[in-house]
2 protein chains.
Amino acid sequence: MNEFELIQRHFTRPAANAVLGVGDDAAIVRPTPGHDLHVSVDMLVEGRHFFADVEPRALGHKTLAVNLSDIAAMGATPRWAVLSLALPQVDEHWASEFAAGFFGLAEAHGVSVIGGDTTRGPLTLSVTIFGEAPAGQALRRDAAQVGDDVWVSGELGLAALAVRQRLRGDAALPPEVLAVCRRKLDYPTPRVALGQRLLDVAHAAIDVSDGLMADLGHILERSGVAAEVWLESLPTLPWMAENRGRLADSIAAGGDDYELCFTAPSSARAELQGLAEELDCTLTRIGRIVAGQGSRLLDAAGQPVTLQRGGFDHFA
Amino acid sequence: MNEFELIQRHFTRPAANAVLGVGDDAAIVRPTPGHDLHVSVDMLVEGRHFFADVEPRALGHKTLAVNLSDIAAMGATPRWAVLSLALPQVDEHWASEFAAGFFGLAEAHGVSVIGGDTTRGPLTLSVTIFGEAPAGQALRRDAAQVGDDVWVSGELGLAALAVRQRLRGDAALPPEVLAVCRRKLDYPTPRVALGQRLLDVAHAAIDVSDGLMADLGHILERSGVAAEVWLESLPTLPWMAENRGRLADSIAAGGDDYELCFTAPSSARAELQGLAEELDCTLTRIGRIVAGQGSRLLDAAGQPVTLQRGGFDHFA
């Protein structure tokens, strides 16, 4: 057994939902009859998607979280994942911490890690995740309708502010705000339960990974509609809300939020507020779908706000 | 649209077998009722799994081929694949050539590419592949039985010899032999049709990627049996067979063969010879499963042969 096989052992655990787990040419799982299989892949590269000095436990958590967020945005139930990773050197401490973060989140969501590949190379992580939803049901990007409300979960801009502080500094940022923002950057919470519950309520959905306006733009483009979004309504931390003007970029276009942005008919407002309370997850109505193309971000006076950036590029 | 989105376009093609292809948070496919889903992942890193100057078309072919080979070794039918790639720079020529190799092989096997992720980073390729087989049927590694014959498809050692010539030179190697070996290294043929047909005939199977003896070893370990293998019987090129003694390492332990090694009851010999003719794919009986642990490679006199290496490490 070589050093990499030792490391691989950290990632080989019994797969509860599998017919055959790690250790053969392929893993075998049995899809639920009458369900569609939802598949997504995300690759994370050091220096582009995370800082080189990130805690390995946080990196493990986030590597799975960003993938769970994609499944959540479909309204599907996550079931299985495979992980491939290239490591520059063998570091058992790093591997055990990364695995603790990755499997901790996997177990919390009942996701079985059914396969993987470990090799030497520049630090690169790729996860393919599988979810299931009843056949024909999904929160697709192309289903927004004129007249829909636009909603977003949780709070926006926290992770982007943490990155901005790290890269450029911001003396005015209170330490307790920074701590909350860093936590959001390192340990995002994928909105899995919310996505599943939205399957019967929402029309279109996407997860906010590249910034609210950029990701909402994908819904608009694929649905052939436009949207207006109210800057004053965007949910964020109280301190950030007080500085909403100068932090508009982080809040509306910062990225790394891993919240769900979705559209729903106005008749669903009461149901969605009830769902927010039930799930203990803030849901905020931030705009509406209109006819046309593209999006307009409006200030309190109804005037268009121009952002300096269009979406995720903070590591570029 | 940025440069990477342009590149990504090369990899976004209509997905015939999908409910929803590339372009949403996840792709959606509909598994075949009554079938199990087989899942495998392989990551390829420059300098470790391929030379930096490999033709991009060959690299695209091989990136998918090594994954198809895993599905073949399960006896499953490949259906879908997702591809994540990190690229050091944007090179449209490279991308179009890589895509030609990758999609050419995908289309030949009816495999839909349903998702992907492209990012900047050191050249790294990761494919997750999905196959299907009737529920409960699979060529697992743990199913070899004492008394089984050991078989291998195609010819062994060609790719390893091409790598060895590249790294160390070999003045005695005829150019026409080298050309065949290089072709095998760059454009391996995954034994997909063979694997499917073996589902009803063979007991255990594995694909030969790390070298025959190392991969057969996985079957033996998981099945709790031993094997003897006859060096004189190992199929290879005529020129290599003439130099079998000095090329034993490449033939029996060279790796990168992507042939299938499998075990089958002796009662299946005639059926397997018929299958070889039908598929135009050489099948050679190379040994037998016996009680015990581990494997013994024997020469023509029945004496044990000691190899200098245990398996894949030629890029290490």
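**Entry 1: a pair between chains**

I began with A:Asp36 and B:Arg30, whose side chains form a salt bridge with an N to O distance of 2.6 Å; I note at the outset that the model is predicted. This pair crosses from one chain to the other, since I find A:Asp36 in strand β3 (residues 35–45) of chain A, and B:Arg30 in the loop between β2 (27–29) and β3 (35–45) of chain B. I then looked up the accessibility of each partner: A:Asp36 is buried, with a relative accessible area of 2%, whereas B:Arg30, at 42% relative accessibility, counts as partly exposed. I keep in mind here that side chains of opposite charge can pair when their charged atoms come close.

**Entry 2: pairs within chain B**

Next I turned to B:Arg13 and B:Glu107, which form a salt bridge in which the closest N and O atoms are 3.9 Å apart. Because the cut-off for a salt bridge is a nitrogen within 4 Å of a carboxyl oxygen, I count this pair. B:Arg13 lies in the loop between α1 (3–10) and β1 (18–20) of chain B and B:Glu107 in helix α3 (residues 92–108), so the salt bridge ties together parts that are 94 residues apart in sequence. I recorded B:Arg13 as partly exposed at 32% relative accessibility, and B:Glu107 as exposed at 54%.

The pair B:Asp256 and B:Lys62 also meets in a salt bridge, at 3.1 Å from N to O. Here the link joins distant parts of the chain, 194 residues apart, with B:Asp256 in the loop between α9 (248–253) and β10 (259–264) and B:Lys62 in helix α2 (residues 56–74) of chain B. I checked accessibility for this pair as well, and both B:Asp256 and B:Lys62 are buried. I also noted a network in which salt bridges that share partners join A:Asp24, A:Asp25 and B:Arg141. Over all chains, I have a count of 29 salt bridges.

**Entry 3: how the copies are related**

I then asked what turn lays chain B on chain A. The superposition takes a turn of 180° and a shift of 0.0 Å along the axis, with an RMSD of 0.0 Å, and that is the relation of a two-fold axis. Of the interface residues of chain B, 100% are also interface residues in chain A, so the copies meet through the same surface.

**Entry 4: an annotated region**

Finally I looked up the UniProt annotation "domain: PurM-like N-terminal", which comes from an unreviewed entry and covers residues 23–132 of chain A. Over that range I find the chain to be 33% helix and 39% strand, with the end C-alpha atoms 24 Å apart.

Note on methods
Residues numbered from 1 in each chain as written. Chains lettered and ligands numbered in written order. Predicted model: local features only at pLDDT ≥ 70, side-chain atom pairs only at ≥ 80, totals over all residues. Heavy atoms only, no water. UniProt positions renumbered as here; feature names shortened; annotations may be inferred. Helix = DSSP H or I, 4+ residues; strand = E, 2+ residues; numbered from the N terminus. Buried < 20%, exposed > 50% of the residue type's maximum accessible area, 1.4 Å probe, protein only. Least-squares fit on C-alpha atoms with pLDDT ≥ 70 in both. Contact = heavy atoms within 4.5 Å.
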